[in-house]
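Work through the following exercises with the sequence and the coordinates side by side, and try each task before reading its solution.

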Amino acid sequence: MTTPSSPPVADAPPSDQGLSQRSAAVLVFGSSAAVLVVEIVALRLLAPYLGLTLETSTLVIGIALTAIALGSWLGGRVADQVDPHRLIAPALGVSGVVVALTPLLLRTTAEWASPLLLLVAAGTLLVPGALLSAVTPFVTKLRLTSLAETGTVVGRLSGVGTFGAIVGTVLTGFVLVSRLPVSSILIGLGALLVLGALLTGWRARRWRRASAVALATVVAGTLATAFAPGGCDAETRYHCARIVADPDRATGRTLVLDGLRHSYVDVEDPTYLRFGYVRAIAAVVDTTFPAGEPLAAHHIGGGGLSFPRYLAAARPGTRSLVSEIDGGVVRIDREQLALGASTGIDVRVEDGRLGLKRLEADSRDLVVGDAFGGVSVPWHLTTSEALGDVHRALKDDGLYAANLIDHGRLAFARAEVATLREVFEHVAVMGAPVDIGLDPAATPVGGNLVVLASDRPFDAPAIQKALDTRETGWRIATGDTVTAWTGDAPVLTDDHAPVDQLLQPHRTRTVR
């Protein structure tokens, strides 16, 4: 007589899990942290080619979240069908190779096959993001030794993963980006992931061979990245920065941030102004204030400090206070663009909005707005509340001049003018005639515009004469022309300032 075998017990632990609680926590913590490191650094890699805009940030975050969701879902399904022991090492190894090659792939694609950039960017985010997110369900499957402990195991590993994501975010944003080039961050992370694959799969001989191949790939990718296009002279907290010498002017230097020309500086002759919008602002200042009179000026955004240098040379005794958020750019100004210590220029590394709030009331003759993130003015500097701080800081006869970039319908520029008209008594616009409503039969092209605001009226004929003298090719519009040009554009406020949606960037993203 045979005795029927006992049915299997659903929650009976396997004889050898092979994964300790500590190892499980390390794997989940590390893989979750790596996903966030890749996401944040990807924004830095894409900024020179797509701009540091709300759309770029939304795109990267959306792809990263898609990868996390896809990896968690598919990882759970696969873990129920295949031994998770066999999955963790390849997930880490493949992720490491893709992460390490990301700088090379993105920069090469952007320079040589730019229409494919979004596709390549999506792949370099989706592949490692999904594989690393699959590690958590793999590990959870291995740690679930009893149904009675399901909640404890899942909750513990979920908490560890979330904590890892937090550490990855904070470590990248506050430490890594400020100390290392983004390419070095990704190559180093890729090497760590491949090393993790090697350690995790050490008992399987085939994973030793695969890991050796992966490490060789990372090393080759590291060497290739050094020769990839799109490199930087310096990677600051916010920008990929380069200094380009002017082949036609021995002392001329151009500061290029994220692929855009931000400032032109003649290191020996600060009165030489190359960019048209800077010459336009100089024309207005020279017309509005007595010649040679020193001014108390505040500059929102520094870049290469072209205009503060001009004021220091043309108006000796001028005191210029500059709010520049990027300390790396300030360091470049001092080390490569000959910013001296005795020029009357005081540069503070701070956000422009916070710098405005620190100014005393009625303390400035002139405020110049020239802050950009990519091709757009940071939205919080465009609102009626921010412009109210500008108005408070200016003297009764003070002047505010702001550089804007817009194209197409110029919806953002019109909205900014509408906002200025809510704060100041007099507003004027300078730019190409077709762009500022002086040639209404033609379609606006866009580019740089300069808006002026003051509580005293502008001497438009004198300003126009100065614009012509400086050969800007620009015209000034005031009064009814500005009213008609502005139309029913919305007023921007801290509560609603859709700057990124109003802007229409130029398709070639060339010149500032």
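**Exercise 1. Determine which elements the buried residues of H12 pack against, and which residues of helix H12 are buried.**

Solution. Begin with the helix itself, bearing in mind that this is a predicted model. Helix H12 covers residues 384-393, and its buried residues are Ser 384, Ala 386, Leu 387, Asp 389, Val 390 and Ala 393. To be listed here, a residue must have under 20% relative accessible area. An α-helix has 3.6 residues a turn, so residues three or four places apart point the same way. Next, look for the partners: the buried residues of H12 pack against S5, helix H11 (352-358), strand S8 (364-369), strand S9 (394-407) and helix H13 (411-423).

**Exercise 2. Place Arg 353 in the fold, decide whether Arg 353 is buried or exposed, and find which residues are linked with Arg 353 in a network of salt bridges.**

Solution. First, Arg 353 belongs to helix H11, which is one of the elements that the buried residues of H12 pack against. Second, Arg 353 counts as buried because its relative accessibility is 9%, and the cut-off for buried is under 20%. Third, once neighbours within four places in sequence are set aside, the contacts of Arg 353 are His 380, Leu 381, Thr 383, Glu 385, Ala 386, Asp 389 and Asp 494. Finally, a network of salt bridges links Arg 353 with Lys 357, Asp 389, Arg 392 and Asp 494; of these, Asp 389 was already met among the buried residues of H12.

**Exercise 3. State how many salt bridges the structure holds, and examine the pair formed by Asp 246 and Arg 274.**

Solution. The structure holds 13 salt bridges. Side chains of opposite charge can pair when their charged atoms come close. In the bridge between Asp 246 and Arg 274, the closest N and O atoms are 2.7 Å apart. This pair links distant parts of the chain, 28 residues apart, since Asp 246 sits in the loop between strand S2 (240-245) and strand S3 (252-257), while Arg 274 sits in the loop between strand S4 (260-266) and H8. As to accessibility, Asp 246 counts as buried because its value is 11%, whereas Arg 274, at 31%, counts as partly exposed.

**Exercise 4. Find which parts of the chain the pair of Arg 249 and Asp 269 ties together.**

Solution. The side chains of Arg 249 and Asp 269 form a salt bridge with an N to O distance of 3.9 Å. Arg 249 lies in the loop between S2 and S3 and Asp 269 in the loop between S4 and H8, so this bridge ties together parts that are 20 residues apart in sequence. Arg 249 is partly exposed, with 24% relative accessibility, and Asp 269 is also partly exposed, at 29%.

**Exercise 5. Identify which residues gather with Glu 293 in a patch of negative charge on the surface, and locate Glu 293 in the chain.**

Solution. The patch of negative charge brings together Glu 293, Asp 362, Asp 396 and Asp 397 on the surface. Glu 293 is found in the loop between helix H8 (276-288) and strand S5 (296-300). With a relative accessibility of 32%, Glu 293 counts as partly exposed, and this value fits the patch rule, which takes residues with over 30% relative accessible area and no salt bridge.

Conventions: Residues are numbered from 1 along each chain as its sequence is written. This is a predicted model: local features need pLDDT of at least 70, side-chain atom pairs count only at pLDDT 80 or more; totals for chains, interfaces and linings use all residues. Side-chain values use heavy atoms; hydrogens and water are left out. Patches are made of residues with over 30% relative accessible area and no salt bridge: like charges are joined within 9 Å, nonpolar side chains (Val, Leu, Ile, Met, Phe, Trp, Tyr) within 5 Å. Accessible areas come from the Shrake-Rupley method with a 1.4 Å probe; for residues, only the protein chains shown count as cover. A salt bridge is a side-chain nitrogen of Lys or Arg within 4 Å of a carboxyl oxygen of Asp or Glu. Lys and Arg count as positive and Asp and Glu as negative; His and the chain ends are not counted. The place of a charge is taken as NZ of Lys, CZ of Arg, CG of Asp or CD of Glu. Helices (H or I, at least four residues) and strands (E, at least two) are DSSP runs, numbered from the N terminus. Buried means under 20% relative accessible area, exposed over 50%, partly exposed in between (1.4 Å probe, protein chains only). Contact means heavy atoms within 4.5 Å.
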